[in-house]
Amino acid sequence: VNLRFQAPLFTQCAEDVNVELLPLCSSRYRPGRKPEESYHLQELAAQHVRRLVQPSSLELEFENMMWSLSLDVYCLEDDGNMEDATLLVAMAALKDMRLPEILSTEEGYNATKSRTRSVDFRELIVPVSFGVIDTRVVIDPDSSEEALCEAKVTIFVDEKGSFRGMSKSGGSVASKDLLATCSKLAVQRAPALFSQLSN
């Protein structure tokens, strides 16, 4: 995570997310032009950051300035379900990040590491994705399973185990029973993901 301070834009959290899918992480990617999957993951992660980070925690105490976040994600191995992996690693990086205090001096403004603070979150939400194959679901599908999936469903769960949203991609219709099964399994899996974020 890189930081810079600037004037706030519409009082929102300003962020720049870059996701690199290099040939070393999968033979599907080639040197040169950035794959479309990178742009999809970047937009997904940026939306997640805007949803979770409390903008007021990025404000500075002088000249109406605030911190702007720049997040770089490098994939070392793409074995499927990159959406969940990208969102979780972005959350982990932001939870671990410390904002330095800015001191005003005769030479200008200087950041000090002796006094830092963490970022505040509106809420913490983890994604749990499922691949849909016929009438069955596969939790956290790997790349070989994703190739067989007719659709993908992602359930978002907060720290209290409450349902906080859902997204679906793919052409097949997901029944109410299937979505209910995904929601139940997501709530069961979420505590393990929150535990990983805390360690």
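Where does Asn 81 lie? Select Asn 81 in this predicted model: the residue lies in the loop between E3 and H2. That loop is a stop later in the tour, after a view of the whole chain.

**Whole chain**

Show the chain as a cartoon and count the elements: there are four helices and nine strands. Read from the N terminus, their order is β-β-α-β-α-β-β-β-β-α-β-β-α. Along the principal axes, the C-alpha atoms fill a box of roughly 65 × 45 × 30 Å. Colour by relative accessibility next; 40% of the 199 residues count as buried.

**Helix H1**

Select residues 36-52, which form helix H1. The helix has 17 residues, and at 1.5 Å a residue these should span 24 Å. The C-alpha atoms at its ends are 25 Å apart, which agrees.

Now show the side chains of the buried residues in H1: Ser 38, Leu 41, Gln 42, Ala 45, Ala 46, His 48, Val 49 and Leu 52. Turn the view to look down the helix axis. The buried residues fall within an arc of 165°, so they line one face of the helix. The general background is that an α-helix has 3.6 residues a turn, so residues three or four places apart point the same way.

Pick Ala 46 in this helix. Its relative accessible area is 8%, so Ala 46 counts as buried, the cut-off being under 20%. For a distance across the model, add Leu 178: the two are 132 residues apart in sequence, and their C-alpha atoms are 29 Å apart in space.

**The loop between E3 and H2**

Return to Asn 81. Its phi is near 50°, a positive value in a residue other than glycine. Asn 81 counts as buried because its relative accessibility is 2%.

Select Asp 78, which lies in the loop between E3 and H2. Asp 78 is buried too, with a relative accessible area of 8%. What does the side chain of Asp 78 contact? One polar contact, of 2.6 Å, joins it to the side chain of Arg 28. Another polar contact of 2.6 Å joins it to the side chain of Tyr 29.

Leu 76 lies in the loop between strand E3 (66-74) and helix H2 (82-96). Is Leu 76 buried or exposed? Leu 76 counts as exposed because its relative accessibility is 67%. Switch to a surface and add Leu 22, Leu 24 and Tyr 74: together with Leu 76 they make a nonpolar surface patch of about 450 Å².

**Helix H2**

Move on to H2, which has 15 residues. From first C-alpha to last it reaches 21 Å, close to the 21 Å expected at 1.5 Å a residue. Its buried residues are Met 82, Asp 84, Thr 86, Leu 87, Leu 88, Ala 90, Met 91 and Leu 94.

**Strand E5 and the turn after E6**

Select Lys 113 in strand E5 (residues 108-118). Lys 113 is exposed, with a relative accessible area of 80%. Draw a distance back to Leu 76: the two residues are 37 apart along the chain, and their C-alpha atoms are separated by 30 Å.

Then go to Asp 134, in the loop between strand E6 (125-133) and strand E7 (136-139). Asp 134 has a positive phi of about 55° although it is not a glycine. Asp 134 counts as exposed, at 57% relative accessibility.

**Salt bridges**

The structure holds nine salt bridges. Select Glu 20 and Lys 34, whose closest N and O atoms are 4.0 Å apart. This pair links distant parts of the chain, with Glu 20 in strand E2 (residues 15-20) and Lys 34 in the loop between E2 and H1, 14 residues apart.

Next select Lys 152 and Glu 146, a salt bridge with its closest N and O atoms 3.1 Å apart. Lys 152 is buried, at a relative accessible area of 12%, while Glu 146 counts as partly exposed at 28%.

Arg 164 and Asp 158 also meet in a salt bridge, 3.9 Å from N to O. Arg 164 is partly exposed, with a relative accessible area of 33%, and Asp 158 is buried, with 12%. For the last selection, take Arg 28, Glu 37 and Asp 78, which salt bridges with shared partners join into one network.

Key. Residues numbered from 1 in each chain as written. Predicted model: local features only at pLDDT ≥ 70, side-chain atom pairs only at ≥ 80, totals over all residues. Heavy atoms only, no water. Patch = residues over 30% accessible without salt bridge, like charges linked within 9 Å, V, L, I, M, F, W, Y side chains within 5 Å. Areas by Shrake-Rupley, 256 points an atom, 1.4 Å probe, with all protein chains shown as cover. Salt bridge = Lys/Arg side-chain N within 4 Å of Asp/Glu carboxyl O. Helix = DSSP H or I, 4+ residues; strand = E, 2+ residues; numbered from the N terminus. Buried < 20%, exposed > 50% of the residue type's maximum accessible area, 1.4 Å probe, protein only. Expected span 1.5 Å × (residues − 1). Arc of directions from axis to C-beta. Polar contact = N/O pair within 3.5 Å; in protein donor to acceptor, adjacent residues only side chain to side chain.
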